[in-house]
Amino acid sequence: MRPTPPGWPRISAALFYDDPRRAIDWLCEAFGFAIRLVVEGENGRVEHSELELGDGLIMVAGAGPEHARSGQSWRERLATPSMVGGRTTQNLCVYVDDADAHCRRARAAGAEIAVEPTTTDYGADYWSDRGYCAVDPGGHVWWFLQRLSTRGEPHGG
């Protein structure tokens with residue numbers, strides 16, 4: 001594979017919120033993201049944003065009629081969890097240095113902690129992690145993990 005464009009990871013995710021500006025602020029406060037870019041449109045609408053956490057990148061924008069632009073029929077496929085009864089079709093996994101400290105920060109900012117910090121050992125041939133699951137105010141599900149051991153890292157595939 002060719003190298004990625006400078007400053008871009010191989011894969012990134014886009015999340016859609018009812019109020020993307022508020023979501024950006026909350027994600028920075030609760031989860032430690034830093035704003036790399038916010039592109040504003042008409043009336044201050046967030047057209048595009050890029051938030052970084054270490055070498056990870058997410059994009060945040062809005063979904064729904066008020067966020068649609070003409071000629072972008074693909075945007076009709078986008079939804080926030082609130083637009084689909086609070087359900088999601090994906091969740092994010094982020095590695096952090098200290099899962100317990102990260103959980104305390106997220107909880108203090110109002111994150112719903114769906115799974116308290118727990119250590120999971122996948123056995124001698126694999127690895128162990130400590131992590132927790134949080135739900136952000138927009139309804140997106142996040143897993144934050146801290147690698148504890150690296151025996152037999154997964155081989156992929």
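Which strands each supply at least two residues of the lining of the largest pocket? They are strand 4 (56-62) and strand 5 (91-95), strands being DSSP runs of E with at least two residues, numbered from the N terminus.

The model is predicted, so local features need pLDDT of at least 70 and side-chain atom pairs count only at pLDDT 80 or more, while totals for chains, interfaces and linings use all residues. Residues are numbered from 1 along each chain as its sequence is written, and side-chain values use heavy atoms, leaving out hydrogens and water.

**Pockets**

A pocket is an open set of points on a 1 Å grid over the protein atoms alone where a 1.4 Å probe fits, with protein on both sides within 12 Å along at least five of seven lines; lining residues have an atom within 4 Å of a point.

| Pocket | Volume (space filled by probe spheres set on the points) |
|---|---|
| Largest pocket | about 370 Å³ |
| Second largest pocket | about 300 Å³ |

Of the 17 residues lining the largest pocket, Gly-56, Leu-57, Ile-58, Cys-93 and Val-94 lie nearest its centre. Strand 5 gives the largest share of this lining, four residues.

**Sheet**

Strand 5 also belongs to an open sheet of four strands, in the order 5-8-7-6 with mixed pairing; two strands pair if DSSP finds at least two bridges between them. Because strand 5 and strand 6 (112-121) stand at the edges with a single partner strand each, one side of each is left without a neighbour in the sheet. Strand 7 (residues 128-135) and strand 8 (residues 141-149) run antiparallel and are joined by eight bridges. Val-135 has Val-141 in strand 8 as its bridge partner.
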